Amino acid sequence: MIEIFQGLYRFTVTVPSIGFTIHHYLLASEPAVLFATGTMDEVKSSLPEIESILNGRKIGYIFVSHFESDECGGLPVFLERFPEAKVVCSKLAARELLGYGIHADIIPADGTTVIEDEDIRLRFVDYPSEVHLQDGLLCCEENSGVVYSSDVMLRGFGQGPDAEDSVWEELVDAVGTDRVPDPARLQRMKDSLKAWKPRFDATGHGPCHRF
């Protein structure tokens, strides 16, 4: 666990066989926001650290970009510990979660959704997540300038630096059909992302980006 940006903590595990890093994050705002949960195995190490950081406070929101084990595999454990947390995800993911018996306060969101609560303002961009173009989301917490870009800004997935100085528009322009294999939906996503003015990009894998 490291505090990788102002009040933003990153939790990482590495798949040894390929050096693949998997990240999830806690933004210790008021209310606190968890970006992804990591896998069920990751929760074993990250949950005690998150409880220590929060020091008795609760997680207000858990953001799920898309339905995949590294994005929401640990969700049942977090909801058992923080049952009042609101789960923010796409409408498709909301249906999938219910189908797996995960019952919580779920907020189905899309690119028009804005969530304002005390110190946070969450906005979203529709993300047709690879490989099957499932309807997912990317998230920006506008007050801190933190973006959770999930798998979109992946540039190598090994250890590398914790964060690199980057230019947001260049990162967006570099996203190709290997990430979103539908050119029209890819362009719509990129156009929407360029409207954001982030200060920090929290990636799902590999190095993060500072702006």
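Here are some questions and answers about the sheets, helices and aromatic rings of this predicted model.

Residues are numbered from 1 along each chain as its sequence is written, and side-chain values use heavy atoms, with hydrogens and water left out. Because the model is predicted, local features need pLDDT of at least 70 and side-chain atom pairs count only at pLDDT 80 or more, while totals for chains, interfaces and linings use all residues.

Reader: What is the strand order in the open sheet that has strand 1 and strand 7 at its edges?

Author: Strands here are DSSP runs (E, at least two residues) and helices are too (H or I, at least four), numbered from the N terminus. Two strands pair if DSSP finds at least two bridges between them. Strand 1 (2-5) and strand 7 each have a single partner strand, so one side of each is left without a neighbour in the sheet. The pairing is mixed across seven strands, and the order is 1-2-3-4-5-6-7.

Reader: Which residue of strand 2 stands opposite E3?

Author: In general, strands of a sheet pair through backbone hydrogen bonds, either parallel or antiparallel. Strand 1 and strand 2 (residues 8-15) go for the antiparallel sense, over three bridges. Opposite E3 in strand 2 you'll find Y9.

Reader: At about what angle does helix 1 run to strand 2?

Author: Helix 1 (residues 40-54) lies across strand 2, strand 3 (20-27), strand 4 (32-35) and strand 5; contact means heavy atoms within 4.5 Å. Axes are lines fitted to C-alpha atoms, for helices over the stretch in contact, and angles run from 0 to 180 degrees between N-to-C directions. For helix 1 and strand 2, that comes to about 165 degrees.

Reader: And the other open sheet: which strands stand at its edges?

Author: This sheet also has mixed pairing, and its seven strands come in the order 8-9-10-11-13-14-12. Each edge strand has a single partner, so one side of each is left without a neighbour in the sheet. The edges are strand 8 (114-117) and strand 12 (163-165).

Reader: Which residue in strand 14 stands opposite A163?

Author: Strand 12 and strand 14 (residues 208-210) pair in the parallel sense, over three bridges. The residue opposite A163 is C208.

Reader: How many residues apart in sequence are the parts that F63 and Y148 tie together?

Author: Rings of Phe, Tyr and Trp (its six-membered ring) pair if their centres lie within 6.5 Å; planes under 30 degrees apart count as stacked, over 60 as edge-to-face and the rest as tilted. F63 and Y148 are edge-to-face, at 6.1 Å centre to centre with 80 degrees between the planes. F63 lies in strand 5 (residues 59-63) and Y148 in strand 11 (residues 146-150), so the pair ties together parts separated by 85 residues.

Reader: Is Y148 buried or exposed?

Author: Buried means under 20% relative accessible area, exposed over 50%, and partly exposed in between (1.4 Å probe, protein chains only). F63 has 2%, so F63 is buried. Y148 has 0%, so Y148 is buried.

Reader: What about F67 and Y100: how is that pair arranged?

Author: Their centres are 5.1 Å apart, with 40 degrees between the planes. F67 is partly exposed at 24%, whereas Y100 counts as exposed at 60%. The arrangement is tilted.
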